[in-house]
Amino acid sequence: MGASAGSDDFKDKYYTGRRNNGIYIPRFRNIGGETNQKDFTRGYGYQGGGGRSDWTKQIAEMAYGAAFKEATLKPGDWQIGLSGFGEILPYQDNKMTLDYNKLDKWGLPTVTFDATLKENELNMRKDMQQQAVEMLENAGFRDVKGHDGDYAIGLGIHEMGTARMGRDRKTSVLNENNQLHDVPNVYVTDGSAMTSAGNVNPSLTYMALTARAANHAVEELKKMNI
Ligand SMILES: Cc1cc2nc3c(=O)[nH]c(=O)nc-3n(C[C@H](O)[C@H](O)[C@H](O)COP(=O)(O)OP(=O)(O)OC[C@H]3O[C@@H](n4cnc5c(N)ncnc54)[C@H](O)[C@@H]3O)c2cc1C
């Protein structure tokens, strides 16, 4: 969910390599302990970037000849895009189960996901698009268009969950050290421990959890507990 736009400015500016930096707009909804949005809790940030379009747009036109050759030598117009990264609340009934009646070709139970976006996320998505459009319009871009990638759970790049961490072994898979409640010599240190990453990038947290879990495993080994 987000928006994209073009610009007629900076036609004399170009870049080589990976010079154009990305954009990160931190969360601005419902922060500082206040809920300033009526129809959703928590929030979202934007990630995006700008650049000049290149020769790839010529492919669709199947063009040829001198004009085509000339066009491929010139950088295209400047474009910018913003994509929202919003939090999906950690709903108890969003879950993954193992189906022992349907095994894969190695005889292992297959995975069934039963998870949906709910009202909070759907309302947040509307705001995500509106605000992106408003920001680009107010910044003076032209041809501002909102877009909706028709997200379904699993299609994003910050997915997590399925083996949640928690104190109660009846309701959680992992304990506070990323160790299986039921099998203490097994540690699961990826994103599956999390029930939500908020709206921010998760990888550094996974790495920190992993380092802490590895340290715990070494200490437990030294004590001959595992
Ligand atoms: C395009 C893209 C850009 C991203 N950018 C960022 C970013 O800028 N910042 C950020 O914080 N996060 C980013 N992420 C998210 C981040 O990469 C993931 O959240 C993170 O890598 C997840 O870590 P993980 O250990 O949970 O899972 P993964 O890194 O997916 O590791 C799972 C591993 O399990 C292996 N595996 C799967 N099934 C089996 C099996 N049956 N047997 C054995 N092995 C198996 C897989 O091969 C894989 O190596 C990005 C993701 C994508 C796709």
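Here a trainee and a mentor talk through a sheet, a helix and one residue of a predicted model.

Trainee: What makes E2 and E7 the edge strands of the sheet?

Mentor: Start with the order, which is E2-E3-E4-E1-E7 in an open sheet of 5 strands with antiparallel pairing. Strand E2 (22-25) and strand E7 (142-147) each pair on one side only, and that makes them the edges.

Trainee: How do you know that E2 pairs with E3?

Mentor: Pairing takes at least two bridges between two strands. E2 and strand E3 (residues 44-52) are joined by 4 bridges, and they run antiparallel. The two strands therefore count as paired. Within this pair, Tyr24 stands opposite Gln47 of E3.

Trainee: Which strands does helix H3 lie across?

Mentor: Helix H3, residues 119-138, lies across strand E1 (2-7), E3, strand E4 (78-86) and E7. Its angle to E4 is about 155°.

Trainee: Why is Ser83 called partly exposed?

Mentor: Count its neighbours: 19 other C-beta atoms lie within 10 Å of Ser83. Buried would need 20 or more, and exposed would need 12 or fewer. The count for Ser83 falls in between, so this residue is called partly exposed.

Trainee: Where is Ser83 found, and what does Ser83 touch?

Mentor: Ser83 is found in strand E4. Leaving out residues up to four places away in sequence, Ser83 touches Gly2, Tyr46, Gln47 and Gly48. You have met Gln47 already, as the residue opposite Tyr24.

Trainee: What separates the C-alpha atoms of Ser83 and Asp8?

Mentor: These C-alpha atoms are separated by 22 Å, and the two residues are 75 residues apart along the chain.

Methods
Residues are numbered from 1 along each chain as its sequence is written. This is a predicted model: local features need pLDDT of at least 70, side-chain atom pairs count only at pLDDT 80 or more; totals for chains, interfaces and linings use all residues. Two residues are in contact if their C-beta atoms, placed from the backbone, lie within 7 Å. Axes are lines fitted to C-alpha atoms, for helices over the stretch in contact, and angles run from 0 to 180 degrees between N-to-C directions.
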